[in-house]
Amino acid sequence: MTEPKVSIIIPVYNVEKYLKRCLDSLVNQTLEDIEIILVDDSSTDSSLEICRKEAGKDSRIKVLSKPNEGAGRARNKALEVASGEYIGFLDSDDFVEPDMFKTLYEKAEKYNSDLVMSGVLFVDGNMFSEKGECVKKIYFEKDTHFETEEELKSLRMGIVGAKPDDADDSKYGMSIWKNLFRREIIKENNLIFQSEREMLSEDALFMIDYISCIKRATGINEAFYNYCRNGASISKAYKKDRFEKSLVFVNEVEKRFKKDLKPEEYQIYIDRFWQAMCRVICSQEIMHARDNNIKYKELEKRLKAICTHSLTEKTLRRYPLEKLPLSQRVFAYCMKYRLYFLLKVFVELRSR
């Protein structure tokens, strides 16, 4: 039996409400030569039953089960059995456009690229958007190649952060699920995912590690991945320990960058990531306090812990905040000067 062109890996945990939509978007791909690997992470709802039922209808679907360890470990298990020439990833509460994997595969073959990157469709927008809104994010104006040592270094840094005057906090997006990866490179370099239970973004670390091993990456002017905002999603829900996990993550990123980059090259990218992450965490804390009737004194205590942390203070002190887009700049100045009540007002106004 010949290997499929693409293996698509999906961790599954308690997503009975969304799983069928996700699978329908895969079985109806215009690229038919695929395998779909579902890894049930000990769901307590009917997710595993749905997986098995759909596998009975389509021989391209494989179902694996494992003890509950999180999405990163589930992806690792799937990588052990994946046989495709390329690898794609999905979250089980999202879905993709019909021509996603055909387009990514054809671009990879056309350009002999080890990584093909696309954009994303934010269904229900972002944290401050109206429900039902769809925001399209494109990272590349045209087919863009990264192949020199300096270009690939720039790509790694741009996965994590961006320059001060860039509109977005990550120039190319951290997430794995909008991209296509060559399986041979993952296998030969023993690349694995860290656990998201230990740090903020196992996606970004995998991306950094992967890009360190490749010869060419290509970004395209397309968006196929529908990222759906819902309260039950692992990556989209409030986490009390998000700040602590973010500290672990930024330390891991810096350790990787230090291997072949100078601080004067990468620091501005990490600083952009850190002040952006603090902005997200503060916003989530404020919205969580509002939605759960938490007293302002308790909220202020949480905001103070974030804004007065030594890394936050150092970042805000040295970062050229005046170059940031207006709303980000206002938020950063409020964090820098510990204007917690203004932060609260600003976030609540935006989230109405």
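In this predicted model, strands β6 and β9 (residues 179-182) are paired in the antiparallel sense through three bridges. Strand β6 itself spans residues 115-123, and seven of its nine residues are buried, so the strand is largely enclosed by the rest of the structure. The points below treat the pairing of β6, the two sides of helix α11, and a selection of the salt bridges, of which the count comes to 32.

**Strand β6 and its partners**

- Within the pairing of β6 with β9, Val116 stands opposite Leu180 of β9.
- Strand β10 (residues 217-228) runs parallel to β6, and eight bridges join the two.
- Gly119 has Ala223 of β10 as its bridge partner.
- Strand β7 (residues 134-137) is joined to β6 by four bridges, and the two strands run antiparallel.
- In this pairing, Val120 has Lys137 of β7 as its bridge partner.

**The two sides of helix α11**

- Helix α11 comprises residues 310-318, and its buried residues are Leu311, Thr312, Thr315 and Leu316.
- These residues cover an arc of only 120° around the axis, which puts them on the same side of α11.
- Ser310 and Arg317, on the other side of α11, are exposed.
- The elements that cover the buried residues of α11 include α8 (242-257), α9 (263-291), α10 (296-307) and α12 (326-336).

**A salt bridge between helices α11 and α9**

- Arg318 and Asp271 form a salt bridge in which the closest N and O atoms are 2.8 Å apart.
- Because Arg318 belongs to helix α11 and Asp271 to helix α9, the pair ties together parts that are 47 residues apart in sequence.
- The relative accessibility of Arg318 is 39%, so this residue counts as partly exposed.
- Asp271 has a relative accessible area of 3%, below the 20% cut-off, and is therefore buried.

**Salt bridges within single helices**

- In helix α8, a salt bridge links the side chains of Arg256 and Glu252, with an N to O distance of 2.9 Å.
- Arg256 and Glu252 are four residues apart in α8, which corresponds to about one turn of the helix.
- Both members of this pair, Arg256 and Glu252, are buried.
- In helix α1 (residues 19-27), Asp24 and Lys20 are likewise four residues apart, about one turn of the helix.
- Asp24 forms a salt bridge with Lys20, and their closest N and O atoms are 2.9 Å apart.
- Asp24 has a relative accessibility of 28% and so counts as partly exposed.
- Lys20, at 35% relative accessibility, also counts as partly exposed.

**A salt-bridge network**

- Arg75, Asp91, Glu202 and Asp203 are joined into one network by salt bridges that share partners.
- As a general principle, side chains of opposite charge can pair when their charged atoms come close.

Definitions and conventions
Residues numbered from 1 in each chain as written. Predicted model: local features only at pLDDT ≥ 70, side-chain atom pairs only at ≥ 80, totals over all residues. Heavy atoms only, no water. Buried < 20%, exposed > 50% of the residue type's maximum accessible area, 1.4 Å probe, protein only. Arc of directions from axis to C-beta. Contact = heavy atoms within 4.5 Å. Salt bridge = Lys/Arg side-chain N within 4 Å of Asp/Glu carboxyl O. Pairing = 2+ DSSP bridges.
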